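Reader: I am in my first year and would like a close look at a single part. Please take me through the surroundings of the ligand.

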Amino acid sequence: MPAHIAGILHATPPPVWLPYPNDVNALMPSLWSRNVDKTPGGELTIAGHRVTELAETYGSPLYVLDVADLKHRAADFVTAFSEAFAAIGTEAKAYYAGKSFLCTAVADWVAGEGMGIDTCTLGELMVAHRADVDPRTVGLHGNNKSDEEIAFALDWGIGRIVLDSFDEIPRVAAAARARGVRAPVMLRVTVGVEAHTHDFIATAHEDQKFGLSLHSGDAFDAAQRIAASEDLDFIGLHSHIGSQIFESSGFDIAATRIIELRARILDELGIDLPEVDLGGGFGIRYTSQDTPLTCTEMAGRLASVVASACEATGSTLPAVSFEPGRAISGPSIFTLYTVGSTKVVETGSGERLYVAVDGGMSDNIRTALYDADYSCTLANRDSASEPAVVRVVGKHCESGDIIVRDEYLPNDVTRGDLIAVPDTGAYCRSLSSNYNHVPRPGVLAVDGEQLGWVVRPESHADILAWDTGFSPSAADADVQAPESTDELAPHERRSTTR
Ligand SMILES: *Cc1c(COP(=O)(O)O)cnc(C)c1O
């Protein structure tokens, strides 16, 4: 029998934003994907499937993807932005930011709802390619694109390459010329706005690696060079101001500055750029403290921001594109864990209950990396115990291995219980690692009655397979070619070992 904890008598104070729950067993629906619910006995379900059964069949930790929810979010975004921009007299396009979570099934699903796909590496390009997404709806970002990435993009015929530095301009031009094509390019501009949640900072200097600075004149300079190249089809300007943004005020400044630059490019270079991309970063609700705008509200505000910026500069309306990542993938996945151990710890200002689960910073690094807050619920049963503020931690050899910093769970949570953490669809699987040689969890997709992997879980055999031991040879002669090289990049075809 598990040793029962005595219960916390003098709890350490919760953070001010965390409300004491009326019912610690109840779900806060706005934090969960639309097909998640609880049974009367307190078991978490997704589309009617009990998580206790999922854990038994598929193991834990487990990422669980609500397919209908993901498709809805993609469709809602496309509809909201198309309608809001149609209302001001132009067109809006949406590109799903693949870096938030990409696999072929997800690429296929969001493309099916009318989104393009944003990629920033050869690997992401190859997933979109394998998913058979229309290349004209695919974009390539990146501040350090390799020759292979540029070649792959051009050979596949992708819709846009977002240029990020001066030296990329002649490189992409030369690659296009060698293929007898004109490369469709946008220019990434740093507009001196950095947005995060409720705050944004407008700065003159931009001490970061992306884009070309508007303020320094580099952006206009780059526009001139692009305009001068016969091998480049200059289709627009791009700005991405940050992530987990809740308000439109940062976009307001960014859009105004981008549209001013577009007007100057028309004036001085005679090029009427057809498109402006305002990037992604639309915030989602991770906890009760987050209050993002709905996508209809955000779309309406951004459309009016673009309309007034165009009016102020006397410009025509461009087509406008957006790159939502977390707003699409984030809320559609929750992570299911099994509790292995609990511990009451004296913090100096009271006691805290630590709940250790079978995953951790290897499957969700955002808490450690960005100080992100998450929520969670006891997922296998109801409890009549008092709520206690707990800290959900992982199994890694690191004290920063925290998944949920502060949340109320029933005081009797114990070994063998299941804990579910919502809103882990974005930047959790995609940033996951094998730290401590932990196999990464798979992603189980649930679509009504249907269940299946979209990313299979790793095994210890996978991890051991990377470890070749050291058996040196004089030259490449001994290195075996892999069986199938179909999907390997050209530079990988020769040197990959098995
Ligand atoms: C990260 C990123 C996005 C997506 O950000 P989200 O916060 O996931 O919406 C979009 N565009 C660019 C250029 C990015 O770097």
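Author: Here is the ligand site, step by step.

This is a predicted model, where local features need pLDDT of at least 70 and side-chain atom pairs count only at pLDDT 80 or more, while totals for chains, interfaces and linings use all residues. Residues are numbered from 1 along each chain as its sequence is written, and side-chain values use heavy atoms, with hydrogens and water left out.

Start with the neighbours. The ligand has 15 residues around it. A residue is near when one of its heavy atoms lies within 4 Å of the molecule. Lys99, Ser243, Gly281, Glu323 and Tyr427 come nearest.

Now sort the shell. Four of its residues are nonpolar, seven are polar and four are charged. Here Ala, Val, Leu, Ile, Met, Phe, Trp, Tyr, Cys and Pro count as nonpolar. Asp, Glu, Lys and Arg count as charged, and the others, Gly among them, as polar.

Next come the polar contacts (for the ligand, pairs of N or O atoms within 3.5 Å). His240 uses its side chain: an N or O atom there is 3.4 Å from a nitrogen atom of the ligand. Gly325 uses its backbone, with a polar atom 2.9 Å from a ligand oxygen. Arg326 also offers a polar backbone atom, and a ligand oxygen is 2.8 Å from that atom.

How much of the ligand does the protein cover? On its own, the ligand has 390 Å² of accessible area (Shrake-Rupley method, 1.4 Å probe). The protein covers 93% of that area.

Finally, look elsewhere for contrast. Glu149 lies in helix α5, residues 147-156 (a DSSP run of H or I, at least four residues, numbered from the N terminus). Glu149 counts as buried because its relative accessibility is 11%, and buried means under 20% with a 1.4 Å probe, protein chains only.

Definitions and conventions. A polar contact is a pair of N or O atoms within 3.5 Å; within protein, one must be able to donate a hydrogen and the other to accept it, and residues adjacent in sequence count only if both atoms are side-chain atoms. Helices (H or I, at least four residues) and strands (E, at least two) are DSSP runs, numbered from the N terminus. Buried means under 20% relative accessible area, exposed over 50%, partly exposed in between (1.4 Å probe, protein chains only).
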